[in-house]
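Thanks for making the time this morning. I would like to walk through one structure with you, going from the overall picture to a few individual side chains.

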Amino acid sequence: MNSNDSAPASDESAALLAELDKWKSLSHAANAELETLRQGHTARVEESAEQVRAEARKAMLAEIGPRLVEAEIKAQAAQAEIEITDLRFMDFNQFLTPEGTVNVELVGELIKSRNPKPLYSQDLGLGRQGGPIQSFSFQPRSLDARYR
């Protein structure tokens, strides 16, 4: 009876060990699949966040881009001493790069194409300007003590 009882018990424990190994391998496979899904989800979230950042930057530059172009035109005109009177009808979007930044070279070409009329009169000459200098105006002093 001992030998008969031990055979079914060892068969039963071997079956249980096989079942345990099966579930362990399934658990490891499920954990690996879960980690793969987590990494894929994280990558998709990061990609979506980057797309949102790019769209927000593009929208912000589309809104303030024309103002930046106008400021650049005024700055370059002031530096070149050219008077720019009216910019209301100018399309500032033509001076923006595809990324939305100001194309400084194109603005420079616009400034160079304008008639360079200086803001200040250039026919002043090089002579002395202003009133008389006091050290050169000589008035003799009277020798009379009453007038000193």
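I will begin with the chain as a whole, then turn to the core, the second helix, and the charged pairs.

Please keep in mind throughout that what you see is a predicted model, and that the values I quote are computed from it. The protein chain contains two helices and zero strands, and of its 148 residues, 14% are buried. The exposed surface of the chain comes to about 12,900 Å², with carbon and sulfur atoms supplying 56% of that area. If we take the contacts between residues at least 6 apart in sequence, 64% of them join residues that are at least 24 apart.

Let me move to the nonpolar core. In general, nonpolar side chains in soluble globular proteins tend to be buried together. Here the largest nonpolar core has 14 residues, and those with the most contacts inside it are Val69, Ile73, Met90, Phe95 and Ile111. The elements that contribute two or more residues to this core are α1, spanning 2–79, and α2, spanning 104–113.

Ile111 deserves a moment of its own, as one of the residues with the most contacts inside that core. Setting aside residues up to four places away in sequence, Ile111 touches Ile73, Gln76, Ala77, Ala80, Ile82 and Ile84.

That list includes a polar residue, Gln76, so where does Gln76 lie, and is it buried or exposed? Gln76 lies in helix α1, and with a relative accessible area of 15% it counts as buried, because the cut-off for that class is under 20%. Its side chain reaches the backbone nitrogen of Gly108 at a distance of 3.2 Å. Beyond residues up to four places away in sequence, Gln76 touches Val104, Val107, Gly108 and Ile111.

Turning to α2 itself, the buried residues there are Val107, Gly108, Leu110 and Ile111. Looking down the axis of α2, these buried residues fall within an arc of 155 degrees, so they line one face of the helix. The face turned away from that buried side carries the exposed residues Glu105, Glu109, Lys112 and Ser113.

Between the helices, I would also point out Thr97, which sits in the loop between α1 and α2. Thr97 is buried, with a relative accessible area of 18%, and, again not counting residues up to four places away in sequence, it touches Val102 and Asn103.

Now to the charged pairs. As general background, side chains of opposite charge can pair when their charged atoms come close. A search of the whole structure finds four salt bridges, and I will go through some of them in sequence order.

The side chains of Lys22 and Glu19 meet in a salt bridge, at 3.7 Å from N to O. These two residues are three apart in helix α1, and therefore separated by about one helical turn. Lys22 is partly exposed at 41% relative accessibility, and Glu19 is likewise partly exposed, with a relative accessible area of 35%.

Further along, Arg53 and Glu50 meet through their side chains in a salt bridge of 2.9 Å, N to O. Both lie in helix α1, three residues apart, which is about one turn of the helix. Arg53 is exposed, with a relative accessible area of 52%, whereas Glu50, at 45%, is partly exposed.

Then there is Lys74, which forms a salt bridge with Glu70, the closest N and O atoms being 3.3 Å apart. Why are Lys74 and Glu70 separated by about one helical turn? They are four residues apart in helix α1. An α-helix has 3.6 residues a turn, so residues three or four places apart point the same way. Lys74 is partly exposed at 48% relative accessibility, and Glu70 is partly exposed at 26%.

I will finish with the surroundings of Glu70. Leaving aside neighbours within four places in sequence, Glu70 is in contact with Leu87 and Phe92. Arg88 lies 18 residues away from Glu70 along the chain, and the C-alpha atoms of Glu70 and Arg88 are separated by 9.9 Å. Glu70 thus combines a salt bridge to Lys74 with contacts to Leu87 and Phe92.

Key:
Residues numbered from 1 in each chain as written. Predicted model: local features only at pLDDT ≥ 70, side-chain atom pairs only at ≥ 80, totals over all residues. Heavy atoms only, no water. Core = buried A, V, L, I, M, F, W, Y, C linked by side-chain atoms within 4.5 Å. Buried < 20%, exposed > 50% of the residue type's maximum accessible area, 1.4 Å probe, protein only. Contact = heavy atoms within 4.5 Å. Areas by Shrake-Rupley, 256 points an atom, 1.4 Å probe, with all protein chains shown as cover. Polar contact = N/O pair within 3.5 Å; in protein donor to acceptor, adjacent residues only side chain to side chain. Arc of directions from axis to C-beta.
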